[in-house]
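Biologist: Could you take me through this model, with the reasoning behind each answer?

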Amino acid sequence: MKFSEIKYQRPDMDALLSEYDALTGKVKSASSAEEQLFCVKQHEKLLSRFMTDSSYVYIRHSVDTRDAFFEKEQEFMDEVQPLFEEKVQDFYKALLASPFRPELEKALGNLFFLNMEIANKTFTPENIPLMQEEARLTTEYSKLLASASIPFDGETVNLTQLRKYEESQDRNVRIRAHAAEAEFYKAHEAELDRIFDQLVKLRTQMAKNMGYENFIELGYYRMRRNCYDAKMVAVYREQVVKDILPTVRKLKALQAKRNGLDELMYYDNNCFYPEGNPKPKAGFDEMLELGRRMYHEMSPETAAFIDYMIDNELFDPIAKAGKQPGGYCTYLPDYKMPFIFSNFNGTSADVDVLTHEAGHAYQAYRARDMEIQELAQATLEACEVHSMSMEFFCYPYLELFYGDDAARAREAHLTDAVSFLPYGCMVDEFQHIIYENPGLTPDERKAEWAKLEQKYRPFLKFEGPYWGEGMWFMRQGHIYKDPFYYIDYCLAQTAALQFWAWAQKDRDAAFSAYNALVEKAGTETFVDLVTGAGLKNPFTEGCLEDVAKEVEKALLQ
Ligand code: ZN
């Protein structure tokens, strides 16, 4: 089945919700584990149907935010999502109270139960109106960013398309492009401040309603974290500062020298070479076919995967007016279809879509026959291991996209990958500060961000409107939309860099360990998945030190 053949109909929520009530009633009155396992199967069907509808609406709305029909459907989904979740939580509660729990755990695994317990800690019916308001606000944020239509050098571009100019080899173009972006954010500063302030207060209220001191603990549970807490994350961040930042500083000094610059300004950060960053040589239309060639050369499994994706129209890669910026991969469980959304802009980010987002899609494709949705989908830091490691496993094929520039493309990518770690930790620490101190004013929040820049990116100099005012966080959508989802990228990158180092010595062993990890999907915790693949646990002392050494060996010696 192709994506264009999917027929959408608004779900009949009354029917769906009462089906759930009936199912929960059956769990409560069941007289055997078998009966309850049958109910779990029914629940999986309902869950899968609703997830399919809501992902489909999300895709159609983000592909064209001006489409009035799907705008309405997205509003509808924002409204009903918490009502649906309430029913799922009731169902979980009934299962958790089962007298047959030992038999159920035997059939479904302990983790299924641990995850249900965590899910239960995120929800109280009292919070439903707040959750609806939260969804409305995050949609408002996305629409505001998607509305950006910026005149630049005779073109009208969106924020993603502007990135191409922001990394131009011509410093003046970089400066002008950053100024154009600054102008957009400054023009909407009051709105962005208001949306964020409302979100912080709403989330804090949700936490209080559930008896938490602040939103942090609830935020962790909402991310379904089942093997680490805020304390461990704080230790990890300090390790990044101690073990990774010195390497990043050396790499950034090299970048400045290469570009003939005395100091690196914020607008120089993404320009790696004086002759320009390596760009894909192919036109937008050829990119998918090059992706097909790459995955065919990689392995039979990846070949089958990419054919499935392209032949069933499961990519919407090209930037166009009205399209939401950024990129993502989502999944339509009823059709067993991953779907990749992106905004090609002619930079290396286009190749990343075919390596990173495709890594997510590859995992979803490989786990498509798993019946239990809760286990078919890993927690998010594990999902980012799938995608970020795939970026590295694609290294031998980058000649397809970059031709003679491939070696430089690998060098820039690896520099970027390791430089990302301090940035990611900064985003994470910022959110901890924000939710520990929900009473901060918008200006105080900006001051906190500016302070963190000193700690995590001391190699970059900021000045002027927006960029010099601690407002950078406003362009980092996760901070608005998915609180505490950012450290996941750092943890995953720590695993992915280990796969990279391993693949340099023994590619076959590394790739088969990666495949085994991908196939386990969410049946194990993040730490178990990583250590089970033969990698070091990112939380252990010394893990990042090893990563830094390998990177320095590759890039600085
Ligand atoms: Zn990702």
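The exchange below turns to the metal site, an enclosed helix and helix packing.

Modeller: This is a predicted model, in which local features need pLDDT of at least 70 and side-chain atom pairs count only at pLDDT 80 or more, while totals for chains, interfaces and linings use all residues. Residues are numbered from 1 along each chain as its sequence is written, and side-chain values use heavy atoms, with hydrogens and water left out.

Biologist: Which residues are the protein donors of the zinc ion?

Modeller: Donors are N, O and S atoms within 2.8 Å of the metal (3.2 Å for Na, K and Ca), and because water is not among the atoms, sites may look incomplete. The protein donors lie 2.1 to 2.7 Å from the zinc ion, and they are H356 (NE2), H360 (NE2) and, listed twice through OE, E384.

Biologist: Why is the arrangement of the 4 donor atoms irregular?

Modeller: Four donors count as tetrahedral if all angles lie between 85 and 135 degrees; four count as square planar and six as octahedral if opposite donors are over 155 degrees apart and all others between 65 and 115, and anything else is irregular. The arrangement around the zinc ion is irregular because its 4 donor atoms subtend angles of 51 to 146 degrees.

Biologist: Is E384 buried or exposed?

Modeller: Buried means under 20% relative accessible area, exposed over 50%, and partly exposed in between (1.4 Å probe, protein chains only). H356, at 12% relative accessibility, counts as buried. With a relative accessible area of 2%, E384 is buried.

Biologist: How many of the 11 residues of helix 5 are buried?

Modeller: Helices (H or I, at least four residues) and strands (E, at least two) are DSSP runs, numbered from the N terminus. The buried residues of helix 5 include L111, F112 and F113. Helix 5 (residues 110-120) is largely enclosed by the rest of the structure, because the number of its residues that are buried is 8.

Biologist: Are helix 11 and helix 24 roughly parallel or roughly antiparallel?

Modeller: Axes are lines fitted to C-alpha atoms, for helices over the stretch in contact (heavy atoms within 4.5 Å), and angles run from 0 to 180 degrees between N-to-C directions. Angles under 35 degrees count as roughly parallel, over 145 as roughly antiparallel, 65 to 115 as roughly perpendicular and the rest as oblique. Helix 11 (residues 230-258) and helix 24 (residues 543-555) pack at about 10 degrees with their axes 9 Å apart; they are therefore roughly parallel.

Biologist: At what angle do the axes of helix 9 and helix 19 cross?

Modeller: The axes of helix 9 (residues 189-209) and helix 19 (residues 442-456) come within 10 Å, and they cross at roughly 90 degrees.
That makes helix 9, relative to helix 19, roughly perpendicular.
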